[in-house]
Structures are given as structure tokens and as C-alpha cells.
Amino acid sequence: MKLIERTEYLNKLLSVMGTPDIKVITGVRRSGKSKLLEAFRDHIQKTNPNANIIHINFNMPEYDAYLSYRPLYDFVNSQYQQGRDNIVLIDEVQMCRDFEKAINGLHASEKYEIYITGSNAFLLSSDLATLFTGRTFEISIFPFSFAEYMKYFGYTDSYSAFETYLTEGGMAGSYLYKNRGDKFNYLSDVYSTLIVRDIRQKYKIRNVELLDRIADFMMDNIANLVSARSIADTLTGNKDKINHKTVGSYLQYLCNAFAFYRIRRYDIHGKKYLTTNDKYYLSDHGFRYAKLGTKNMDYGRVMENIVALELLRRGYEVYVGVLYKKEIDFVAIKRSEKIYIQVSDNISDEKTFTREVSPLLAIRDACPKMLIANTRHEEYQYEGIRIVDISKWLLE
């Protein structure tokens, strides 16, 4: 399999070397956590001759003897070398029974620098503080960005590359398949077999059919405002009554496993967060086409999904903006920086263009405003608003 260096994530790992935190790499299944850990290992081996790397990958049968915490703990200690930088890398740590006991014990000894990856449903961001007695540092990774996609395939024309990225997505494992149907079969299998299966196992879900229906509904409604109650009302049939609290729990499980990302609404005028109706964006838009097919494709909503994930990649807090009765697709905040963003597929029609820019023009503060669209043209300005092609913006 062809590999590219994911420099941004590797640099994040390198930047926290030497700190006492337990470093935890999280992200949706098959997004490259294991390959990142291997790249990190290779980098250390090349640059630090004093490093003693203890690397355990529980996907490999040779580590089956350490699938409970005490053998794991004893094995790592047996590999310790006095006077060297002892670095522990453990992949798929959740496969070890009571793994947190081993990690906490190793961390308490203050002899190791520890890096771990694990299945998302079993190593949740919300659980890290409970699982580990030491401080944790989380590195969240995503499927391939558009920039990484272009680098992988060696594209030079961003416009044509975006047309294929729009349907193929960023799950690099699918790139090995030449046939489009095979690509989608791979993505469907990753989603159903790995992501949803993890959720079923973690939460002991009995109503598997309902979980699948909710996941499909969410895929079909990315970028739409929804609530647990509205989903329950939509899915309730003549024979069964679906409880909105159950729907709310299942939504949370899907977000815990990084299948979806929840984006809350923010009242720009009142400067407060709104508690009703949120938007959910899929961890990789390729899953949507793989599961639901390519008929009746709504490019605008898929592009909005791509922009949402890119903003999260870049470290922004992301919200849906509300200004009186107008909606701004994204309010992106990073420390003192705030950007207002609208996303549209085609703005060549004057009515569509006016509809997209009017919410931005109604905002009275001086923060940057941007309309991202599939223009296939160079960037220009309209009354202070940046009008930028999506493929160019994704490469910024």
C-alpha cells in the first residue's frame, strides 16, 4: 500500500515528546492511526539513537500472550533498558483485557513515555480522564484531507481532483481498488463491520435494526438541522413507537465512535449557544455514497460536510450560525480568530448567489466572511466577502 507522510499529525506527536502525558491517538476506524504510530516509530529510530522503542500491535498474533493487563505490564517492564529513552507504543490497546490497569501502572512508574491507539468505541474522549489516572493528551486524526488526497495520487489540477474526491472521500484503504463498485463495497464494509459493530459491542445494543436506521437517516440528512425527537417522529411507523431518548443515546454512540460530528447552533446576535436542533456531519463523505448510492446526490450538502471536517482538522471550534431568521453555515473560532462561512455548490445563478451572501452581509462585526463554492475560478471579493473556490480553499 502506498504511504504518504501525514506531516501535521506527526509534528503534533513530536511536539509533545518528553511530556509526562499519556498520548492517545483517536479517530474513526481505518483513518490511519496505526500507520501514524508506525511513522512516529520510524522517525524516532532515525533521529534518536538512545531510544528503546517497545512497540506492541495487538492486531498481530505474536502479541496474543499479552491480551490481559498483567502479562502486558510484565512484558513491557521486561523490555525496559536503564539509561535509555524508553518509549512504549501500543496499537489497538482495547484488545487487552483491563488495559487501563497496565497503562496506569506503567505511567505511575515514571520510566516510560506512552503512546496508544484504540478502537473508538472502547477508547472514548469522554472516558480518558476516567480510564487513566495520569494526564492524557489526545491527538485526533481524520481521514485524508483533499490536500493529502492530491498528494497521494500526484494530482496537479485541483479542479479535476476535487470532482473525484467529492465521491471517493478520504478513506485511503479504498484507494487500492480500481473499480468504483469495489471502492464503495470496501467503504460500506468499514462502516458496517467496524464502526457500527464496535458500537453494538460497547453498548450491548439489542435493537440493531434501529441503530442502522438512525445511521442511514443521519447519512441522508447531513447538514440538515435535526433533533432526537424529530428523528424519532420520522422513523416511527404504524407498528412501532420509537422513543426519542433512545434515539438521543444512539446518536451519542455514533458520535463517540467518530462516525459523526455534532455541530451546535450559535446565536450570533445574542452571543449564546442554542439547545434545540443540531447538525451532524459524517466523518467521511465517501461512506454516504457507499451506503446510500449515488442517485439524487446533493453536492451542496456533501461540500458542506467536507468544509465542516476541514475546519475541525484545522483546529477550529465550529458552530452553525443563527442571525435572526437567517442561517450561516459555519462560525469557525480559534482563540481570538472568528470566521463566518457559507458553502454552496453552484453560485452562477444570481438568485442563488444573493441568497448565499445575504446572511453574511447582515452580520455587522468586522470578522472575516467567506463564501466557499465550486466556482472553478480564481478568488474574488464581493462587498468585503471572500468568494473562493472550494478546491483552492481546501489547499490553503
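How do the residues of the lining of the largest cavity divide into nonpolar, polar and charged? The views below come from a predicted model, and the first of them takes up this cavity.

**View 1. The largest cavity is lined in part by helix 13.**
The lining divides into four nonpolar, three polar and two charged residues. The volume of this cavity is about 50 Å³. The structure holds one cavity of 30 Å³ or more. Tyr165 belongs to the lining, together with Leu282, Ser283, Asp284 and His285. Asn305, Ile306, Leu309 and Arg313 complete the list. Helix 13 gives the largest share of the lining, four residues.

**View 2. Helix 7 crosses helix 13.**
Helix 7 spans residues 158–168, and helix 13 spans residues 299–313. Their axes come within 11 Å and cross at roughly 95 degrees. Angles of 65 to 115 degrees count as roughly perpendicular, so helix 7 is roughly perpendicular to helix 13. From helix 7, the contact takes in Phe162, Tyr165 and Leu166. From helix 13 come Tyr299, Val302, Met303, Ile306 and Arg313. Seven of the contact residues are nonpolar, none is polar and one is charged. Tyr165, Ile306 and Arg313 appear in this contact and also in the lining of the largest cavity.

**View 3. The largest pocket draws on helix 2 and helix 8.**
This pocket holds about 960 Å³ of space. Its lining counts 38 residues. Leu3, Gly32, Ser34, Lys35 and Leu36 lie nearest the centre of the pocket. Helix 2 (33–47) and helix 8 (180–203) each supply at least two lining residues. The largest share, ten residues, comes from helix 2. By class, the lining has 15 nonpolar, nine polar and 14 charged residues.

**View 4. Five strands form an open parallel sheet.**
The strand order is 2-3-4-1-5. Strand 2 (51–57) and strand 5 (136–140) stand at the edges. Each has a single partner strand, so one side of each is left without a neighbour in the sheet. The twist averages 15 degrees from one strand to the next.

**View 5. Strand 3 pairs with strand 4, and helix 4 packs on their sheet.**
Strand 3 covers residues 85–91, and strand 4 covers residues 113–117. The two run parallel and are joined by four bridges. Ile90 has Ile116 in strand 4 as its bridge partner. Helix 4 (residues 99–108) packs on the sheet. Helix 4 touches strand 1 (22–26), strand 3 and strand 4. The direction of helix 4 makes about 160 degrees with that of strand 4.

**View 6. Eight strands form an open sheet with mixed pairing.**
The order of the strands is 7-6-8-9-10-11-13-12. Strand 7 (272–282) and strand 12 (380–382) are the edge strands, and each pairs on one side only. Neighbouring strands are turned by 35 degrees against each other on average, direction ignored.

**View 7. Two hairpins link strand 8, strand 9 and strand 10.**
Strand 8 and strand 9 pair in the antiparallel sense over six bridges. Val318 stands opposite Ala332 in strand 9. Two residues lie between strand 8 and strand 9 in their hairpin. Tyr324, in that turn, has a positive phi of about 55 degrees. Strand 9 and strand 10 are also antiparallel, with five bridges between them. Lys334 faces Glu337 in strand 10 as its opposite residue. The hairpin of strand 9 and strand 10 has two residues between its strands. Arg335, in the turn, has a positive phi of about 55 degrees.

**View 8. Strand 10 runs parallel to strand 11, and helix 14 packs on the sheet.**
Strand 10 (residues 337–344) and strand 11 (residues 369–373) pair over five bridges. Gln342 stands opposite Leu371 in strand 11. Helix 14 (residues 350–361) touches strand 8 (317–323), strand 9 (326–334), strand 10 and strand 11. Helix 14 also touches strand 12 and strand 13 (385–389). The direction of helix 14 makes about 165 degrees with that of strand 10.

Methods: Residues numbered from 1 in each chain as written. Predicted model: local features only at pLDDT ≥ 70, side-chain atom pairs only at ≥ 80, totals over all residues. Heavy atoms only, no water. Axes fitted to C-alpha atoms, helices over the stretch in contact; angles between N-to-C directions. Parallel < 35°, antiparallel > 145°, perpendicular 65-115°, else oblique. Contact = heavy atoms within 4.5 Å. Nonpolar A, V, L, I, M, F, W, Y, C, P; charged D, E, K, R; others polar. Pairing = 2+ DSSP bridges. 1 Å grid on protein atoms, 1.4 Å probe; cavity = no way out; pocket = protein on both sides within 12 Å on 5 of 7 lines; lining within 4 Å. Points joined across faces, edges and corners; volume = space filled by probe spheres on them.
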